[in-house]
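Visitor: I would like a close look at a single part of this chain. Please take one strand and go through what surrounds it.

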Amino acid sequence: MAGRMVVGSAALAELVRPASAPDPAGGHRVLPVRPELTGLLPHRGLRRGSTIAVGVGQPRRSGGTSLILALLAEASRAGSWCAVVGVPTFGAGAAAEAGIALDRLALVPHPGPEWPTVVAALIDGVDVVVTAVPTTVSASVADRLAARARQRGSVLVPYGRWDGADVTLQVVRGVWEGLGPGRGRLRRREVTVSARGRGAAARPKEIKVWLPGDELTRVIPRAAGVGGAARVTAPRRLRVVAAAADPAARPLTLAGPA
């Protein structure tokens, strides 16, 4: 599907209905993740109906976006639809380099006050819904969205504080590599990702993975070694989508190859 813009709730409903219909992964109860991340999740993947939160560290640019990209890549490659709501810094170019299929990726950078409605509509027909958590979200709204994900078989991935998540992942430490004495450039970083949750995820876990950075988010296995280089998939060409004619409209932007 080429990149296009969808404005209004009616158009959003038209998107959601066909989004999951052709999904070959629709019958799988657990969507795949990269092998490096399976040990953090009780079902070794993204279980449909679950809520997997990604915590925002301090400083805010602490690797959370890269972790989200790594979480989505395998499910997207297997045929699942993904949506990202309220994260305007989430780039389609970085998503393509991480292995996410742009023709099955929906971006809603600025949902505005209709945030609960937008997220609920996407949960109805999209396999994995990532959403930044507004500071004003109430516990009752959060509970309703998590319950809707359980009913619809979608995976809800809140980006920010979310009480009651099945699992919360967070980058807790990171060390950059690439700079030498007075020369070089930042290439990648070794990060420690923690997981805590409830039930099968009640026991805290930590793993170390390579994240090349916020602009290049391919996870590098430790077996690659310090001197190993990551294989990078060339980004696809993207079509520039014109702004909506009505400046008051809040568009839903779909990022896809031209």
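Guide: What follows describes one strand, its partners and the helices beside it.

This is a predicted model, in which local features need pLDDT of at least 70 and side-chain atom pairs count only at pLDDT 80 or more, while totals for chains, interfaces and linings use all residues. Residues are numbered from 1 along each chain as its sequence is written, and side-chain values use heavy atoms, with hydrogens and water left out.

The chain has five helices and 12 strands; helices (H or I, at least four residues) and strands (E, at least two) are DSSP runs, numbered from the N terminus. Of its 258 residues, 48% are buried, where buried means under 20% relative accessible area with a 1.4 Å probe, counting protein chains only.

The part chosen is strand β7, residues 128-132, which is mostly covered, with five of its five residues buried. The cover lies on both faces: Val 128, Val 130 and Ala 132 are buried on one side, and Val 129 and Thr 131 on the other.

β7 pairs with two strands described here. Pairing requires that DSSP finds at least two bridges between the strands. With strand β5 (residues 82-85), β7 pairs in the parallel sense over four bridges, and Cys 82 stands opposite Val 128. Strand β8 (residues 155-159) also runs parallel to β7, joined to it by five bridges. In β8, Val 155 is the bridge partner of Val 128.

Between β7 and β8 comes a helix: β7, helix α5 (residues 139-152) and β8 make a right-handed β-α-β unit. Right-handed means that, with the strands pointing away from the viewer, the path from the first strand over the helix to the second runs clockwise.

Helix α5 also packs against helix α4 (residues 115-125): their axes come within 9 Å and cross at roughly 10°. Therefore α4 counts as roughly parallel to α5, a label for angles under 35 degrees. From α4, the contact is made by Trp 115, Pro 116, Val 119, Ala 120, Ile 123 and Asp 124; from α5, by Val 141, Leu 145, Arg 148, Ala 149 and Arg 152. Contact means heavy atoms within 4.5 Å. The axes are lines fitted to C-alpha atoms over the stretch in contact, and angles run from 0 to 180 degrees between N-to-C directions.

One residue elsewhere in the chain touches β8. Thr 65, in helix α2 (residues 64-77), counts as buried because its relative accessibility is 16%. Leaving aside neighbours within four places in sequence, Thr 65 is in contact with Phe 90 and Tyr 159.

Definitions and conventions:
Buried < 20%, exposed > 50% of the residue type's maximum accessible area, 1.4 Å probe, protein only. Parallel < 35°, antiparallel > 145°, perpendicular 65-115°, else oblique.
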